[in-house]
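Hi everyone, thanks for coming along. Let me put the sequence and the structure up on the screen, and then I'll walk you through what caught my eye.

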Amino acid sequence: MAIIAPSLLSADFLNLERDCKMLHNSDADWFHLDVMDGRFVPNISFGPMIIHFIRKTTTKICDVHLMIEEPEKYAEDFYKAGADILTVHIEACRHLHRNIQQIKILGMKAGVAINPHTPVETLFDILPDIDLVCMMSVNPGFGGQSFIPQTLQKIKKLKQFLVEKNLDVKIEVDGGISLENAAGVIEAGADVLVAGNAVFKSDDPLLTISTLKKII
Ligand code: DX5
Ligand code: ZN
């Protein structure tokens, strides 16, 4: 069974506490928290202050996806806000290995995200040092976009490499996940499914989450 990580980017921010409590009481495994700076991506979302309050609503894992430039400037702030997993973009890190070391020294699990156009092979040398790959299946910046089908080949290639090298790294797939395509994504090798719109814009988010959870 896949780990289900709903993205609060699509939540109702006037009712953020209600939506967080709903996720906490759902079959969701993780909270996926999308941080955007208006520089790395053309959108601005929220930062450590909001995550600090979200953290108070749950004991579930807070999986923080940084879509920001210079993530090293803020890693400690996200640790203090309560992040369990901190993911940085390979395209935003000139010294990726140093960024990963910093995240781990602070006491968090470390993830690396890659954009749809970035070849999966660029990850291979960092895999022994990380806990998670966030494979973007849309261009980062917005919820509600369509899944880019070429991502499936990238997931398969990464999964094969991880198995060959016997590496314990989770593959998270982020963007455009739906009840229709989730099975194919899991079959390709995904361990974690992020879902924003599919959960929060559905008539029954609790049912959508439990349906996603049952897909194998
Ligand atoms: C996109 C974010 C995603 C997004 C997913 O930049 O990283 O986590 O919120 O939303 P959906 O599932 O609506 O594509
Ligand atoms: Zn995300």
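Let me begin with a question: is Phe13 buried, partly exposed or exposed? Phe13 is partly exposed, because its relative accessible area is 39%, which lies between the 20% and 50% cut-offs. Please keep in mind throughout that this is a predicted model.

So what does Phe13 do in the model? There are 2 aromatic pairs in the structure, and Phe13 belongs to one of them, with Phe46 as its partner. The two ring centres are 5.8 Å apart and the planes make an angle of 40°, a tilted arrangement. The partners come from distant parts of the chain, 33 residues apart. Phe13 is in the loop between β1 (3–6) and α1 (16–24), while Phe46 sits in the loop between β2 (30–36) and α2 (48–55). Unlike its partly exposed partner, Phe46 is buried, because its relative accessibility is 9%, under the 20% cut-off.

The second pair is Phe124 with Phe161. Here the centres are 3.7 Å apart and the planes meet at 10°, so we call this one stacked; the angle has to be under 30 degrees for that. This pair also joins distant parts of the chain, with the two positions 37 residues apart. Phe124 lies in the loop between β5 (109–114) and β6 (132–136), and Phe161 is in helix α5, residues 151–165. Both Phe124 and Phe161 are buried.

Now for the metal. Which residues hold the zinc ion, ligand 2? The protein donors are His32 through NE2, Asp34 through OD, His65 through ND1 and Asp174 through OD, at 2.0 to 2.3 Å from the zinc. Along the chain, their spacing reads H-x1-D-x30-H-x108-D. Two of these donors, His65 in strand β3 (residues 61–67) and Asp174 in strand β7 (residues 170–174), are 109 residues apart and so link distant parts of the chain. His65 is buried, as its relative accessibility is 1%, and Asp174 is buried too, at 7%.

As for the geometry, the zinc site has 6 donor atoms and is octahedral, with angles of 69 to 170° among them. For comparison, the ideal angles for six octahedral donors are 90 or 180 degrees.

Next door, so to speak, is ligand 1. It is surrounded by 20 residues, and the closest are Asp34, Gly141, Gly144, Asp174 and Gly196. You'll recognise two zinc donors in that list, Asp34 and Asp174. Asp34 places a polar side-chain atom 2.7 Å from an oxygen atom of ligand 1, and Asp174 does so at 2.6 Å. Gly144 uses a backbone N or O atom instead, 2.8 Å from a ligand oxygen. Ligand 1 on its own would expose 380 Å², and the protein buries 99% of that. Although Asp34 and Asp174 are 140 residues apart along the chain, their C-alpha atoms are separated by 10 Å.

Last stop, the backbone. Most residues other than glycine have a negative phi. Glu70, however, has a positive phi of about 50°, and Asn166 has one near 55°. Glu70 is in the loop between β3 and α3 (75–81), whereas Asn166 is in the loop between α5 and β7. Glu70 counts as partly exposed at 31% relative accessibility, and Asn166 counts as exposed at 69%.

That's my tour, and I'm happy to take questions.

Technical notes. Residues numbered from 1 in each chain as written. Chains lettered and ligands numbered in written order. Predicted model: local features only at pLDDT ≥ 70, side-chain atom pairs only at ≥ 80, totals over all residues. Heavy atoms only, no water. Donors = N, O, S within 2.8 Å, 3.2 Å for Na, K, Ca; no water. Tetrahedral: all angles 85-135°; square planar, octahedral: opposite > 155°, others 65-115°. Helix = DSSP H or I, 4+ residues; strand = E, 2+ residues; numbered from the N terminus. Buried < 20%, exposed > 50% of the residue type's maximum accessible area, 1.4 Å probe, protein only. Phe/Tyr/Trp six-rings, centres within 6.5 Å; stacked < 30°, edge-to-face > 60°. Near = heavy atom within 4 Å. Polar contact = N/O pair within 3.5 Å; in protein donor to acceptor, adjacent residues only side chain to side chain. Areas by Shrake-Rupley, 256 points an atom, 1.4 Å probe, with all protein chains shown as cover.
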